[in-house]
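Reader: Hi! I'm new to this one, could you walk me through it?
Author: Happy to, let's look at it together.

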Amino acid sequence: MNLHEYQAKETLNSYGVPIQRGKVASTVEEAVEQAKALQEETGTSWMIVKAQIHAGGRGKGGGVKLAKSMDELKEHASNILGMHLITPQTSAEGKLVRKILIAEDMYYPGDSEPKEFYMSILMDRSKGCNAIIYSTEGGMDIEQVAEETPHLVHKEWVQPGASLMPYQARKIAFNLGLSGTAFKNMVKVVSKLYHAYEQSDASLVEINPLLKTSDDKIVAVDSKMSLDNSALFRHKDLAEMRDIHEEDPTEVEAGEYGLNYVKLDGNVGCMVNGAGLAMATMDIIKLSGGSPANFLDVGGKASAETVEAGFRLILQDPNVKAILVNIFGGIVRCDRVANGVVEAYKNMGDQIKVPIIVRLQGTNAEIAKKIIDESGLKVESAILLKEAAQKVQAIFS
């Protein structure tokens with residue numbers, strides 16, 4: 001589950017990570033009120049107006065603006081709220097901006113120049129360790145930095161279940177070229193940031209930029225945070241931060257039925273039980289000349305209700321030209337699935353206008369095939385995966 005910038009900052013701050021202070025608004029009027037309150041609390045004269053969507057590169061799309069006066073703030077808030085913000089990480093349609101963050105200006109003059117760093121924490125699966133990735137080149141696309149100047153990107157690994165050691169935090173601060181007060185503050189921030197990553201069951205924490213201010217404070221000016229969905233039961237306060245407006249509507253609907261659905265760009269809808277079988281099914285579709293339109297795992301709940309819900313989800317995609325149902329009857333019997341398919345097909349009536357191929361293997365597979373074949377519906381049955389693949393291939397040949 002992804003968090004908005006303001007939510008990620010609030011979460012990190014609860015673990016002691018210093019953040020750029022700000023207030024959220026959903027209307028222009030509220031933005032002005034929040035800006036005035038922020039000025040009173042922080043003494044900031046300039047403010048940053050930031051669109052709150054689940055995508056990076058907001059500044060490139062015009063979603064981050066500097067306001068030097070209240071009139072400018074009102075203008076930027078008016079322009080950003082309600083816009084469809086297009087960034088390198090959104091679709092061509094962009095994302096509707098429903099909220100903005102009014103943040104204090106952290107680039108004030110002082111004894112030294114502000115300096116931007118990059119820092120993120122995530123699981124490095126190749127090593128089986130958590131990795132802290134950091135660079136002196138903050139505020140830039142880290143992918144570009146890694147490609148063009150890889151020596152400027154550093155990594156520090158931490159064993160799962162083990163704490164970040166003090167020497168590692170000092171090493172990170174040293175590699176970032178810090179000294180004195182800034183060095184000490186960075187050591188503290190890195191330790192608290194790693195603690196926040198672990199304790200919140202995050203799968204990713206990214207700060208770009210992590211700013212050294214002109215008076216040597218270390219502050220998270222931006223933040224991206226992704227949480228492990230499987231651990232949300234331990235963090236009900238974080239689970240309440242979910243913004244379904246930022247998620248694919250079809251995937252949200254699938255979640256209501258307990259289905260695992262991910263939309264893809266192909267033309268053959270898939271309904272499978274088990275993630276491994278789903279991956280194999282998508283492979284066989286590609287080998288047969290088609291392209292998978294989705295990943296849909298119904299798990300062990302292949303009842304008439306879930307099958308019908310699966311059909312409805314798949315058929316929302318106008319690119320779908322056929323549907324392949326591939327079920328292994330272990331936990332759930334094949335005849336039960338077959339009856340579910342027949343009942344769902346009858347309930348949907350004329351809504352199903354594409355060929356459906358049902359491959360059932362496992363407990364009562366032969367009975368299931370007979371149920372499908374004698375249903376009188378336009379549903380083709382198969383037992384072997386190769387047979388199902390041939391029927392898919394026939395559609396596109």
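Author: What follows is a short chat about sheets, helices and pockets in this predicted model.

Reader: Great. Which strands form the open sheet, and in what order?
Author: There are four strands, arranged as E2-E7-E3-E4, and their pairing is antiparallel.

Reader: Which strands stand at the edges?
Author: Those are strand E2 (22–25) and strand E4 (64–67). Each has a single partner strand, so one side of each is left without a neighbour in the sheet.

Reader: How are neighbouring strands of this sheet turned against each other?
Author: On average the angle is 20 degrees, with direction ignored.

Reader: And how many bridges pair E3 with E7?
Author: Five bridges, in the antiparallel sense, between strand E3 (residues 47–51) and strand E7 (residues 100–104). To find one of them, start at Lys 50, whose bridge partner in E7 is Leu 101.

Reader: Which strands does helix H1 touch?
Author: Helix H1 (residues 5–14) packs on the sheet and touches E2, E3 and E7. The direction of H1 makes about 50 degrees with that of E7.

Reader: What about H2, which strands does that helix touch?
Author: Helix H2 (residues 28–42) also packs on the sheet, in contact with E2, E3 and E7. Its direction makes about 170 degrees with that of E2.

Reader: Back to H1 for a second. Why is it described as largely enclosed?
Author: Because seven of its 10 residues are buried, H1 is largely enclosed by the rest of the structure. The buried ones are Glu 5, Tyr 6, Gln 7, Ala 8, Lys 9, Thr 11 and Leu 12.

Reader: What does Gly 16 do just after H1?
Author: Gly 16 takes a positive phi there, about 95 degrees.

Reader: Let's move along the chain. Is strand E17 largely enclosed or open?
Author: Seven of the eight residues of E17 (residues 322–329) are buried, so the strand is largely enclosed by the rest of the structure.

Reader: Which strands are joined to E17?
Author: Strand E15 (residues 268–272) runs parallel to E17 and is joined to it by five bridges. Strand E18 (residues 356–362) is also parallel to E17, with seven bridges between them.

Reader: Where could I look to see those pairings?
Author: Try Ile 323 in E17, the bridge partner of Gly 269. Ile 323 also has a bridge partner in E18, namely Ile 356.

Reader: New topic: pockets! How much space lies in the largest pocket?
Author: About 1100 Å³. The lining is made up of 35 residues, and those nearest the centre are Gly 56, Gly 57, Arg 58, Asn 208 and Asp 222.

Reader: Which elements give two or more residues to that lining?
Author: They are strand E1 (2–3), E3, strand E8 (115–124), helix H4 (142–148) and strand E11 (202–212). E11 gives the most, with four residues.

Reader: How do the lining residues divide?
Author: For the largest pocket, 13 are nonpolar, 11 polar and 11 charged.

Reader: And what volume does the second largest pocket have?
Author: About 590 Å³. This second pocket is lined by 18 residues, with Asn 229, Arg 242, Glu 247, Glu 251 and Tyr 261 nearest its centre. Helix H8 (249–256) and strand E14 (260–263) are the elements giving two or more residues to the lining.

Reader: How does that second lining divide?
Author: Evenly: six nonpolar, six polar and six charged.

Definitions and conventions. Residues are numbered from 1 along each chain as its sequence is written. This is a predicted model: local features need pLDDT of at least 70, side-chain atom pairs count only at pLDDT 80 or more; totals for chains, interfaces and linings use all residues. Side-chain values use heavy atoms; hydrogens and water are left out. Buried means under 20% relative accessible area, exposed over 50%, partly exposed in between (1.4 Å probe, protein chains only). Two strands pair if DSSP finds at least two bridges between them. Axes are lines fitted to C-alpha atoms, for helices over the stretch in contact, and angles run from 0 to 180 degrees between N-to-C directions. Contact means heavy atoms within 4.5 Å. On a 1 Å grid over the protein atoms alone, a cavity is a set of points where a 1.4 Å probe fits but cannot get out, and a pocket is an open set with protein on both sides within 12 Å along at least five of seven lines; lining residues have an atom within 4 Å of a point. Grid points are joined across faces, edges and corners, and a volume is the space filled by probe spheres set on the points. Ala, Val, Leu, Ile, Met, Phe, Trp, Tyr, Cys and Pro count as nonpolar, Asp, Glu, Lys and Arg as charged, and the others, Gly among them, as polar.
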